[in-house]
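User: Could you take a close look at one strand for me? I'd like to know how it sits among its neighbours and what surrounds it.

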Amino acid sequence: MWRFSVGGMIELEGLTKRYGEKVAVNNLTFAVRPGIVTGFLGPNGAGKSTTMRMVLGLDHPTAGDVRIDGKHYDQLKDPLTYIGALLEAKAWHGGRSAYNHLLCLAQSNGIPRRRVREVLETVGLTSVARKKTKGFSMGMGQRLGIAGALLGDPRILMFDEPVNGLDPEGIHWIRNLMKSLAAQGRTVFVSSHLMSEMALTADHLVVIGQGRLLADTSMADFIARNSKSYVRIRTPQRELLLDVLHTAGITAVEAGNGTLEVDGGKAEQIGELAARHGVVLHELSPQQASLEEAFMQLTAESVEYHAHSAAPQAQPAEQQPWGEGWRRS
Amino acid sequence: MAATQVIRSEWTKIRSVASTVWTLSLAVVVTIALGMLISALSKNEFDNMDRRDQLSFDPTFISFAGMTLGQLAMIVFGVLVVSNEYSTGMIRTSLAAVPRRGTFLFSKIAVATGLALVVGMATSFVAFFLGQAMLGEHKAAIGDPGVLRAVIGGGLYMTLIAMFSMGVAAMLRSPMLSLGILMPFFFLISNILGNVGATEKIGRYLPDQAGSKIMQVVTPVDDDTPYGPWGGLGIMLLWVIAALAGGYVLLKRRDA
């Protein structure tokens, strides 16, 4: 269902932002397309928020250009009807009610007043619409920010770290919201520093580190390339097993500590071969390389502030803290 | 982007925060009440004054004496209208909604100025009439030469003070910094510069010293001020234009 067949593109070309000596965003060129969720991934301080602020014309690029449907942001007539953005939490006056906050935004872009009530309903803030926003919890604040983004029924939605500070129910809600917005044919551009979050929501992935573009790829490709499954084997009869596998056309590689690894998900086949030839196995386990690991490797050189690891230059951690999550849920 | 949309939006903003009501009410109450008090005191003092002071006695100007304090509330109003955007983070939402920064700033200033003008004008008229009521037999009438000009001028003076503060706040962004400079400046420094012989000639070109000339009906004896009431207001207007231009240029250039 492509409701918006035309428009909804964000295009960055050589976008650069320098603060004195420091380069926050370095020559970024990529496009964000309609109909899918594009994840904008990078460690903290990679330049994601700065990039998003430049899209909105809030920060002036040092060099390069960013356009929305071919236009600069300040050339858009009633920009909230083109692109709605959730920036960092709390970008409003705490003494104003949620209703009046949204009303003044609506009026500035010629959006009818009834839309204010509609979006308050959508984000579930109707009951507190007349309350001052300074009493809002973090989650309510995020919802108000999202209400502001949806106000102009825009073709493009941009969310900067939307799940920050949300409870699990809120996180679930916003994931579904982003997916349904993309399914309506809208452009959804969402930043995160968590690979696991992106794996759950994004169809396309733009990865940056220290302001530089590291990857611009579909999520499916990224998973296929980076989360290879393999089988880990331990056996006291190494030579015999290697012979058996070789005869069956299976390549096994030494992986240290006396273990062997075989690419792909061939655990059953290997188990049957070993049984038939009477090879003793101490371990036969299917493994999955985590996406989080792949992301960390990708951005490793570009992370600005390294935590001083107790084990320098350690192999990627054996346990898979986040990356597994995306498959289970 | 139609300017009328933005003006409507800025009106919603200004009417939906508490600071608008309390700063403007304070300006009204302080200006009128202090003006009445000083008018009443002046009436009782009149017979004890020397000849020279009696000749310079300006009942209209005396009824505006409350503005020395009332203008401070007007300054707070002007500062908060603009710097609220920065101190709350609203500025990013506002500029995303209205990316033409000139349209944004001048719509905001137009709305706040309109409101300040209505409140300032009403305050000026009420302060005049209540002040005259306190002055008894020394009072001036609104029909006397120059009096209506002075009363309207009092309303314009309060409006321009608020506008100047908006311009300064647009340049400095921080409410504390803006107030920390403007309040002592208008309450102390300007008065000192204007009353000390050595700096008097410079002091009278400061915005409040020049602008308050419009509220004078009786020129003090030996007054050698080189400009008249409208000339003084003109000097104040130049200050306002400079402050607003500075605010606009900085807003245009800066990252939000």
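Analyst: Happy to. In this predicted model, strand E8 (residues 204-209) of chain A has six of its six residues buried, so it is largely enclosed by the rest of the structure. A residue counts as buried here if 20 or more other C-beta atoms lie within 10 Å of its own.

It helps to go through the strand face by face. In a regular strand the side chains alternate between the two faces of the sheet. In E8(A), one side carries His204(A), Val206(A) and Ile208(A), while Leu205(A), Val207(A) and Gly209(A) belong to the other. Both faces are covered, with each of these residues buried.

Now for the strands that E8(A) pairs with. Strand E3 (residues 37-41) of chain A runs parallel to E8(A), and four bridges link the two. Within this pairing, Val207(A) of E8(A) is the bridge partner of Leu41(A).

Strand E9 (residues 212-218) of chain A pairs with E8(A) as well, this time in the antiparallel sense and over six bridges. Here Asp216(A) of E9(A) stands opposite Val206(A). So that you can follow the chain from one strand to the other: E8(A) and E9(A) make up a hairpin, and two residues lie between them. In the turn, Gln210(A) has a positive phi of about 45°.

Putting this together, E8(A) has parallel bridges to E3(A), antiparallel bridges to E9(A), and buried residues on both of its faces.

How values were computed:
Residues are numbered from 1 along each chain as its sequence is written. Chains are lettered from A and ligands numbered from 1 in the order in which they are written. This is a predicted model: local features need pLDDT of at least 70, side-chain atom pairs count only at pLDDT 80 or more; totals for chains, interfaces and linings use all residues. A residue is buried if 20 or more other C-beta atoms lie within 10 Å of its own, exposed if 12 or fewer, and partly exposed in between; C-beta atoms are placed from the backbone. Two strands pair if DSSP finds at least two bridges between them.
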